[in-house]
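Colleague: Could you take a close look at one central part of this model and explain how it fits into its surroundings? I should like a single connected account.

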Amino acid sequence: MKMENPAPIQWQFAQRAQQLESSAIRDILKVTVRPEVISFAGGLPSPATFPVERMRAAYDAVLSKQGKVALQYGPSDGYAPLREWIADSLSAGGAKIVPAQVLMVSGSQQGLDLLGKVLVDEGSKVLVETPSYLGALQAFSVYRPQFVSVATDGHGLLPEQVAAIGQGARLLYALPNFQNPTGRTLPLERRAALVETCARLGLPLIEDDPYGALSYRSEPLPKMLTMNPGGVIHMGSFSKVLTPGIRLGYLVAPLPLAAKLEQAKQAADLHTAQLTQMVVHEVVKDGFLDTHIPTIRKLYADQCQVMLDALAEFFPASASWTKPEGGMFIWVTLPSHIDSMKLLDEAIADHVAFVPGAPFYANAPERNTLRLSFVTVPPEKIREGVARLGKLIRAKI
Ligand SMILES: Cc1ncc(COP(=O)(O)O)c(C=O)c1O
């Protein structure tokens with residue numbers, strides 16, 4: 001029987017929930033789904049790259065051959081053959097990675113949450129890049145750390161800055177390949193210096209690497225994991241090389257930490273869907289990614305070039321931008337008097353969208369920055385959208 005006029009509850013949220021805010025990007029995306037808007041705002045991979053038929057065939061194969069196993073509960077650390085495949089692929093980089101180091105997670109975003117849960121206390125010092133991946137700042141902020149922004153330049157983190165401020169920190173969160181949001185890449189010698197510095201400080205180094213395979217030209221640079229598997233926690237994802245809707249990623253951690261992360265995973269959701277993991281194993285086990293990834297690289301490289309050409313044509317000389325060697329993002333720095341948050345209102349009125357740079361900073365936002373994604377917009381629309389933005393910016397100079 002339904003209760004008559006129940007008194008409304010005065011919700012008392014936990015302190016950690018009071019820290020939570022909706023992601024600025026997700027809020028912007030709500031506006032930009034309108035078809036007339038040319039949106040450079042999303043961080044979504046191009047659906048043109050999703051191997052739908054291959055996935056359908058793999059679902060069919062798994063369900064018809066191993067349906068009862070696929071639909072049952074599974075182990076918390078993940079589906080063993082897929083963990084072995086990941087360990088073997090990473091071992092090709094030179095260092096021996098064992099399956100016991102690999103924990104399957106429901107998107108690498110969950111990996112960030114588990115790392116926060118296991119490594120961060122309230123007030124713990126957490127080192128992040130300037131700027132950094134917004135989703136990581138969001139995930140860690142639930143655990144109420146003190147974020148310390150490490151200075152960077154056009155090539156990413158400066159190892160000497162980590163050495164100067166890293167003492168006593170709980171972790172360093174680093175994005176070496178085609179960083180979200182800037183698109184920049186950490187050079188080889190800095191990777192080595194960073195690994196060495198973190199090892200000396202006893203500082204866990206998190207290497208978040210969802211874009212590493214999406215290098216346009218050369219082979220990707222060596223992973224920091226391979227330089228010190230006992231001190232680096234590597235995060236990988238199938239979101240950008242297969243499809244994000246399956247929510248499948250992995251953490252590779254030194255053994256004592258891997259065991260603790262597995263306990264946190266168990267507490268969070270028991271395990272990641274067994275069916276999904278089996279399907280992905282079915283898709284990747286015979287080398288499918290070796291032929292599939294080059295098609296993604298080619299598409300993204302071409303679209304990146306279209307956007308770089310359009311920026312050179314339509315943006316004023318007083319603006320600058322990164323020239324990514326892979327991945328999905330270009331980072332623009334406008335003249336210092338232009339606030340990109342305000343520019344966004346005008347841009348949306350003009351049916352073009354981007355993500356303002358400020359939310360990507362843990363401290364001291366640089367408000368004259370913005371992120372552009374070029375992978376989901378067709379070339380002719382990229383030109384048109386950049387031309388519209390360029391006109392708005394030029395009017396402010
Ligand atoms: C740097 C970075 N890390 C993690 C993620 C989360 O990816 P996943 O889909 O694996 O949860 C993203 C998603 O865009 C990302 O850009």
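Modeller: Two strands pair if DSSP finds at least two bridges between them; strands (E, at least two residues) and helices (H or I, at least four) are DSSP runs, numbered from the N terminus. This is a predicted model, in which local features need pLDDT of at least 70 and side-chain atom pairs pLDDT 80 or more, while totals for chains, interfaces and linings use all residues. Residues are numbered from 1 along each chain as its sequence is written, and side-chain values use heavy atoms, with hydrogens and water left out.

The part I have chosen is strand β9, residues 232–237. Six of its six residues are buried, that is, under 20% relative accessible area with a 1.4 Å probe and protein chains only (exposed is over 50%, partly exposed in between). In a regular strand the side chains alternate between the two faces of the sheet. Here V232, H234 and G236 point one way from β9, whereas I233, M235 and S237 point the other way.

Strand β9 has a parallel partner in β8 (residues 205–208), with four bridges between them; within this pairing, H234 is the bridge partner of E207. Strand β10 (residues 249–252) pairs with β9 in the antiparallel sense, also over four bridges, and there Y250 is the bridge partner of G236.

The ligand comes next. S237 is among the residues that come nearest to the ligand, together with D208, Y211, S239 and R247; these belong to a set of 13 around it, each with a heavy atom within 4 Å. Three polar contacts (pairs of N or O atoms within 3.5 Å) can be described. A polar side-chain atom of D208 lies 2.6 Å from a ligand nitrogen. Ligand oxygen atoms lie 2.7 Å from a polar backbone atom of S108 and 2.9 Å from a backbone N or O atom of Q109. Taken alone, the ligand exposes 400 Å², of which the protein buries 92% (Shrake-Rupley areas, 1.4 Å probe).

Finally, Q101 sits in the loop between α4 (80–91) and β2 (102–105). Q101 is buried, with a relative accessible area of 7%. Leaving aside residues up to four places away in sequence, Q101 touches K96, P229, L251, V252, A253, P254, L255 and A258, where contact means heavy atoms within 4.5 Å.

Conventions: Polar contact = N/O pair within 3.5 Å; in protein donor to acceptor, adjacent residues only side chain to side chain.
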